[in-house]
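User: Please take a close look at one helix of this model and the residues that pack around it, and then set that part against the chain as a whole. I would like one connected account rather than a list.

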Amino acid sequence: MNLKIAVQKSGRLNEDSLKLLKECGISVDNGKEQLMAQASNFRLEVLYLRNADIPQYVKDGVVDIAIIGDNTEREKKTGIRRVLDLGFSRCRLSIAVPKATEFTGLFWLQGKRIATSYPNSLKDFLTENGLEAEIHEISGSVEIAPNMGLADAVCDLVSSGSTLFKNGLTEVFRIFESEAVLVANPGLNGEKLALLEQLVFRIRSVLAAKNNNYILLNTPVEKLEQVCRLLPGMRSPTVMPLRDTGWVSVHSVVHEDRFWEVIGQLKEAGAEGILVIPIEKMIV
Ligand code: AMP
């Protein structure tokens, strides 16, 4: 029995989803017009589907797991299992208004016309804030609605903000943040759960590697303690003697978030010849 995974057929998530599978060592034939493909070296079948349809396919068990934007599941509310955050396709669902608008706070939205492709998410947000507004559902290019006189505001996904900027809109409120997630049907059998576990193990290793760098440096022995305190590593740093007596080489792993801060502190502590190398996989 194979595990069936849905990925977006075309669009923003497609490329990164397939890249992630590739980084997990899973080879999938990615023919443009294909609806389905079998991985050659993992018991995985890939189905290429429309993004908005995927949560329902997962819920109905047509596919076992999927990579989708968290925002899609929040909109569809199918109640499928969220397994893992994947760290790509980061965006947010936001309210934006024309630049010239004097937005005075959320109450400004009361009674206004808001265009969106995310009517359920917008409705929940309005209800939570005790607001009522006219929701105009549009399936694409929501950002042009205010310029065409169809709406006073939009509720849309934003990542860099350049689409809003090009259309003369300003983001005034972030409703929620989103990123790509791995989701699963909640009723998978034991065999499929075991395959999912293997896949999750590989994905975690790939993501951990992306978030960390391997670092090598030289330090005088008398500075070693101070340098090691800055580089806790996975267990503890590797320390190797240099040919020059009184010097050692230290190898360790640094998390991306703390990277520049740690480099600065290492230099101050007396480290020299610092090399930073990307990690391909990291088994955590
Ligand atoms: P699409 O390719 O337009 O069908 O978008 C697919 C998914 O990409 C969305 O559901 C979001 O999860 C994600 N996404 C990331 N950034 C953006 C953005 N700026 N606009 C639209 N979708 C985005």
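Analyst: Leu 196 is buried, since its relative accessible area is 3%, and the cut-off for that class is under 20%. The model is a predicted one, and in it Leu 196 is placed in helix 6, the helix that spans residues 190–210. Setting aside residues up to four places away in sequence, Leu 196 touches Leu 3, Ile 65, Arg 81, Val 83, Leu 182, Ala 184 and Leu 188. One of these partners, Arg 81, carries a charge that counts as positive. As a point of reference for distance, the C-alpha atoms of Leu 196 and Asp 29 are 20 Å apart in space, while the two residues are 167 apart in sequence.

Ile 203 belongs to helix 6 as well, and with a relative accessibility of 2% it counts as buried, again because the class covers values under 20%. Its contacts, with neighbours within four places in sequence left aside, are Leu 20, Cys 24, Leu 84, Leu 86 and Leu 182. Leu 182 thus appears in the contacts of Leu 196 and also in those of Ile 203. From Ile 203 to Lys 281 there are 78 residues in sequence, but the C-alpha atoms of the two lie 9.4 Å apart in space.

Helix 6 also holds a charged residue, Glu 191, whose side chain meets that of Arg 43 in a salt bridge with an N to O distance of 2.6 Å. This pair links distant parts of the chain, as Arg 43 sits in the loop between strand 2 (36–38) and strand 3 (44–49) and the two partners are 148 residues apart. Neither end of the bridge is classed as buried: Arg 43 is partly exposed at a relative accessible area of 37%, and Glu 191 is partly exposed, likewise with 37%. In helix 6, then, Leu 196 is buried and Ile 203 is buried, whereas Glu 191 is partly exposed.

The bridge between Arg 43 and Glu 191 belongs to a set of 14 salt bridges in the structure. Another joins Arg 50 to Asp 53, with the closest N and O atoms 3.2 Å apart; here Arg 50 counts as exposed at 55% relative accessibility, because that class begins over 50%, while Asp 53, at 29%, counts as partly exposed. A further bridge pairs the side chains of Arg 174 and Glu 171 at 3.6 Å, N to O, a distance that qualifies because the criterion is within 4 Å. Arg 174 is partly exposed at 45% relative accessibility, and Glu 171 is partly exposed at 24%. Salt bridges with shared partners join these two residues with Arg 92 and Glu 177, so that Arg 92, Glu 171, Arg 174 and Glu 177 form one network.

Two loop residues deserve a note on backbone geometry. Lys 77, in the loop between helix 3 (70–76) and strand 5 (81–85), has a phi near 50 degrees, a positive value in a residue other than glycine. Ser 89, in the loop between strand 5 and strand 6 (91–98), also has a positive phi near 50 degrees and is likewise not a glycine; its relative accessible area of 25% makes Ser 89 partly exposed.

For the wider setting, the protein contains eight helices and 15 strands, and buried residues make up 45% of its 284 residues. Among contacts between residues at least 6 apart in sequence, 69% join residues at least 24 apart. The radius of gyration is 24 Å, whereas a compact globule of 284 residues would have one near 19 Å, and the C-alpha atoms fill a box of roughly 75 × 55 × 35 Å along the principal axes. The accessible surface comes to about 15,400 Å², of which 50% belongs to carbon and sulfur atoms. As for charge, the mean positions of the 33 positive and 36 negative charges are 2 Å apart.

Definitions and conventions: Residues are numbered from 1 along each chain as its sequence is written. This is a predicted model: local features need pLDDT of at least 70, side-chain atom pairs count only at pLDDT 80 or more; totals for chains, interfaces and linings use all residues. Side-chain values use heavy atoms; hydrogens and water are left out. Helices (H or I, at least four residues) and strands (E, at least two) are DSSP runs, numbered from the N terminus. Buried means under 20% relative accessible area, exposed over 50%, partly exposed in between (1.4 Å probe, protein chains only). The radius of gyration is taken over C-alpha atoms; the globule rule is 2.2 Å times the number of residues to the power 0.38. Contact means heavy atoms within 4.5 Å. Accessible areas come from the Shrake-Rupley method with a 1.4 Å probe; for residues, only the protein chains shown count as cover. The place of a charge is taken as NZ of Lys, CZ of Arg, CG of Asp or CD of Glu.
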